[in-house]
Amino acid sequence: MDIVLTGDRPTGKLHLGHYVGSLKRRVEMQDSGRYSKIYIMIADAQALTDNADNINKIRNNISEVALDYLACGLDPQKVTIFIQSQVPELCELSFYYMNLVTVSRLQRNPTVKNEIQLRGFKQSIPVGFFTYPISQAADITAFKANIVPVGEDQLPMIEQTREIVRSFNTLYKEILVEPSAVLPENTTCSRLPGLDGAAKMSKSLGNCIYLSDTSNEIKKKIQSMFTDPTHLRVEDPGHTENNPVFIYLDAFCKDQHFEAFLPAYHNLEELKDHYRRGGLGDGTVKKFLNEILQNELKPIREKREMLARDLGEVFQMLHKGSQSARSVAQQTIQEVRTAIGINYFNE
Ligand code: TRP
């Protein structure tokens, strides 16, 4: 049976983009009963690779991310939620894998290349940051995960993991498992654009709706959303493609929503047709989107608020998850040491 591992860096609260792109999917996987194990990792150590001087940000966001997970329906009885730094075996694995990867191969990793540019590291790239694809290979292989649900930007990491696995298995012994990435199914809404129309929601751009936002915050954010800049007057014909309001509707709107919130239409196609023809104002569409999102996010926010009242319990769950993850990684480490031939006292 399949073993799933995925995770997030705790650099901020999770937002609607995470929700459509990954969280919903994880809950479906959890509830399908089709996987023998599902690991969800809060990648604090990876977050430190470009936040060494920002430890409070990472520390504080561990519970925020955990709350977001639980509020969306991830169930610690069914999935193992753990904190990366609490499984030190991952460091040891990375250390051995480092010998199987060349500097030039890391330099060619498109995601790392892009992130180095974005962060403006120039000649001052932290070694830990540069090598994080290796540590990510450790995260995945320590649990013998064969399925890694991720966004497209993570494909180079999975490819690099597969290469490390092949090198290891050829050089030492066939014990590691080659993972496959699983991308979000619906590519049009797998990456929600920002409220401002930017390619994605990102905390640094301040264009997100957070799962923890109040109903008033959500409403205000939707009211000020970017739409079609050529749709100046209500009578003007409008564009629905590249229009974030309609992209969000693509992601969240179901036919039943019309009956409940906008009975003048039956489905999204009708609404889009009217917008394209002209005569439909942005205000109406935004109001509809607001109803839908309020309806979707209210139970999540309420659950989150309830759980946030007892962070002790959340940390207890993380502690238990980390212990359980660690015992699995310890087994793998024994096998790895034996395969390499350095398990001097334990063979
Ligand atoms: N790099 C991932 C991200 O930024 C987080 C991550 C760390 C991860 N280790 C992982 C994802 C292992 C999948 C598998 O989102």
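The following exchange covers helix H6 and the ligand site in a predicted model.

Author: Local features need pLDDT of at least 70 and side-chain atom pairs pLDDT 80 or more, while totals for chains, interfaces and linings use all residues. Residues are numbered from 1 along each chain as its sequence is written, and side-chain values use heavy atoms, without hydrogens and water.

Reader: Which residues of helix H6 are called buried?

Author: Thr111, Val112, Glu115 and Ile116 of H6 (residues 110-118) are buried, that is, under 20% relative accessible area with a 1.4 Å probe, protein chains only. A helix here is a DSSP run of H or I with at least four residues.

Reader: Why are the buried residues of H6 said to line one face?

Author: Seen down the axis of H6, the buried residues fall within an arc of 135 degrees, so they line one face. The arc is taken from the directions from the helix axis to the C-beta atoms.

Reader: What makes Asn109 a cap of H6?

Author: A side-chain oxygen of Asn109 lies 3.0 Å from the backbone nitrogen of Thr111, at the N-terminal end of H6. A polar contact is a pair of N or O atoms within 3.5 Å; within protein, one must be able to donate a hydrogen and the other to accept it, and residues adjacent in sequence count only if both atoms are side-chain atoms.

Reader: Which atoms of the ligand do Gln136 and Arg9 approach?

Author: A polar side-chain atom of Gln136 lies 3.0 Å from a ligand nitrogen, and one of Arg9 lies 3.2 Å from a ligand oxygen. The protein buries 89% of the 360 Å² that the ligand exposes when taken alone, by the Shrake-Rupley method with a 1.4 Å probe.

Notes
Buried means under 20% relative accessible area, exposed over 50%, partly exposed in between (1.4 Å probe, protein chains only). Helices (H or I, at least four residues) and strands (E, at least two) are DSSP runs, numbered from the N terminus.
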